[in-house]
Amino acid sequence: MLLSLVLHTYSMRYVLPAAVMMGTAPTYVLAWGAWRLLSVLLPARFYRELDDRFYTIYQSMVLFFFERYTGVQIIIYGDLPKNKENIVYLSNHQCTVDWIVADMLAIRQNALGHVRYVLKDGLKWLPLYGWYFSQHGGIYVKRSAKFNEKEMRNKLQAQVKAETPMYLVIFPEGTRYNPEMPKVIADSQLFANKEGLEVLKHVLTPRVKATHVAIDSMKNYLDAIYDVTVAYEGTVDHKGQRKVAPSMTEFLCKECPKVHIYLDRIELKDIPEEQMYMRRWLHERFEIKDKLLIEFYDAKDSKRRNKFPGKCVHSKLSLKKTLPSLLFLGGLTACMLLTESGRKLYVKTWIYGTLIGYLWVSVKA
């Protein structure tokens, strides 16, 4: 019985961080909403700059839990620029933690507030978060024939016109690579074979539409493209077969000891502009990712597994970059919950914020 209690407690380690991250959401949205209303009378750049600061505060708190609380080791290969840049971030996609990995790189460039995502359309219905992500510059897209190129292009060009700092995160595979969904993998490989493209083992065949629209819409504004390959250590079973990458809950339960991040910075001049040629280029980039992951998971020499080739840096995030945000948002939320009027406002923010968000995304759909 004691052992069962210990195991149960061990498996519940995600509860505290989840409670804090979800619990501070109404406080954050309330503060952001007040600023949004006040900024109507001000130039747009004032709203954008403070919105980016708000976003930095919240995501810094998130990173406190995903890096400091878990104790995960972040290992970076390649040359991550120290300075902020306007970039499109292209990565393989395995799990929801991939979103956090983008934040992990951005905060090391002091660009955390500039992170904006291209997300699948269904995520816009997330309570509070779904609406806010679109307000922060995120773009929801539908797949395949329903993809609205004009809408995405217009949104990005508006961001460029407003000189919005851009750290645009795209997962070109369109869905997660999941070893427990062999049909998705087989269909992806069948499509590649049919199109005369190299069949990939550890990533899915990338889709070019969103990547092409993003790069083409901002080609005179971007500094570079970041081609990022992510691998989570501990995702191989006893038979040497690849397992599912950790969910956010599993990650917060400290089930991933190390995250390996391989970054290749690519100049815009090295990327073809025509969609047909960019499609081939993007697939070639995913062939490189696949080779890196084959080396990581399947290298015959066991000493070469669980790492990417080349020099690496074990990057530890300073506590001063994350703890103040946790104390600030946690303190504000605690102050709200200490009074009856604050508790009522807190609950109403959850309810009405969610309803307003649903109404907004429905109208904008």
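**Exercise 1. Helix α9**

Determine how many of the residues of helix α9 are buried in this predicted model, and which elements they pack against.

*Solution.*
Step 1. Helix α9 spans residues 209-217. Of its 9 residues, 7 are buried, and the helix is mostly covered.
Step 2. The buried residues are Ala210, Thr211, His212, Val213, Ala214, Ile215 and Ser217.
Step 3. Their packing partners include the strands β2 (87-91), β3 (115-120), β5 (167-170) and β6 (224-232). The helices α7 (149-161) and α11 (275-298) also pack against the buried residues of α9.

**Exercise 2. Cysteines**

Find how many disulfides the model contains, and examine Cys253 and Cys256.

*Solution.*
Step 1. A disulfide is a covalent bond between the sulfur atoms of two cysteines. The cut-off needed here is a sulfur pair within 2.5 Å.
Step 2. For Cys253, the closest cysteine sulfur belongs to Cys256 and is 12 Å away, which is too far for a bond.
Step 3. For Cys256, the closest cysteine sulfur is that of Cys95, at 8.3 Å, again too far for a bond.
Step 4. The count for the model is 0 disulfides.
Step 5. As to burial, Cys253 has 4% relative accessibility and counts as buried. Cys256 is also buried, with a relative accessible area of 4%.

**Exercise 3. A surface patch**

Identify the residues that form a nonpolar patch with Val347, and classify Val347 as buried, partly exposed or exposed.

*Solution.*
Step 1. Val347 is found in helix α13, residues 340-364.
Step 2. On the surface, Val347 forms a nonpolar patch with Ile351, Tyr352, Leu355 and Ile356. Together these residues have about 480 Å² of accessible area.
Step 3. An α-helix has 3.6 residues a turn, so residues three or four places apart point the same way.
Step 4. The relative accessible area of Val347 is 45%. Buried requires under 20% and exposed over 50%, so a value in between is partly exposed. Val347 is therefore partly exposed.

**Exercise 4. Ser315**

Place Ser315 in its strand, classify its burial and list its contacts.

*Solution.*
Step 1. Ser315 belongs to strand β8, residues 312-315.
Step 2. Its relative accessibility is 19%, so Ser315 counts as buried under the 20% cut-off.
Step 3. Leaving out residues up to four places away in sequence, Ser315 touches Ile74, Ile76 and Arg108.

**Exercise 5. An annotated span**

State which residues the UniProt annotation "transmembrane region" covers, and describe their secondary structure in the model.

*Solution.*
Step 1. The annotation comes from an unreviewed UniProt entry and covers residues 12-35.
Step 2. In the model this span is 83% helix and 0% strand.
Step 3. Its end C-alpha atoms lie 36 Å apart.

Definitions and conventions
Residues numbered from 1 in each chain as written. Predicted model: local features only at pLDDT ≥ 70, side-chain atom pairs only at ≥ 80, totals over all residues. Heavy atoms only, no water. Buried < 20%, exposed > 50% of the residue type's maximum accessible area, 1.4 Å probe, protein only. Helix = DSSP H or I, 4+ residues; strand = E, 2+ residues; numbered from the N terminus. Contact = heavy atoms within 4.5 Å. Patch = residues over 30% accessible without salt bridge, like charges linked within 9 Å, V, L, I, M, F, W, Y side chains within 5 Å. Areas by Shrake-Rupley, 256 points an atom, 1.4 Å probe, with all protein chains shown as cover. Salt bridge = Lys/Arg side-chain N within 4 Å of Asp/Glu carboxyl O. UniProt positions renumbered as here; feature names shortened; annotations may be inferred.
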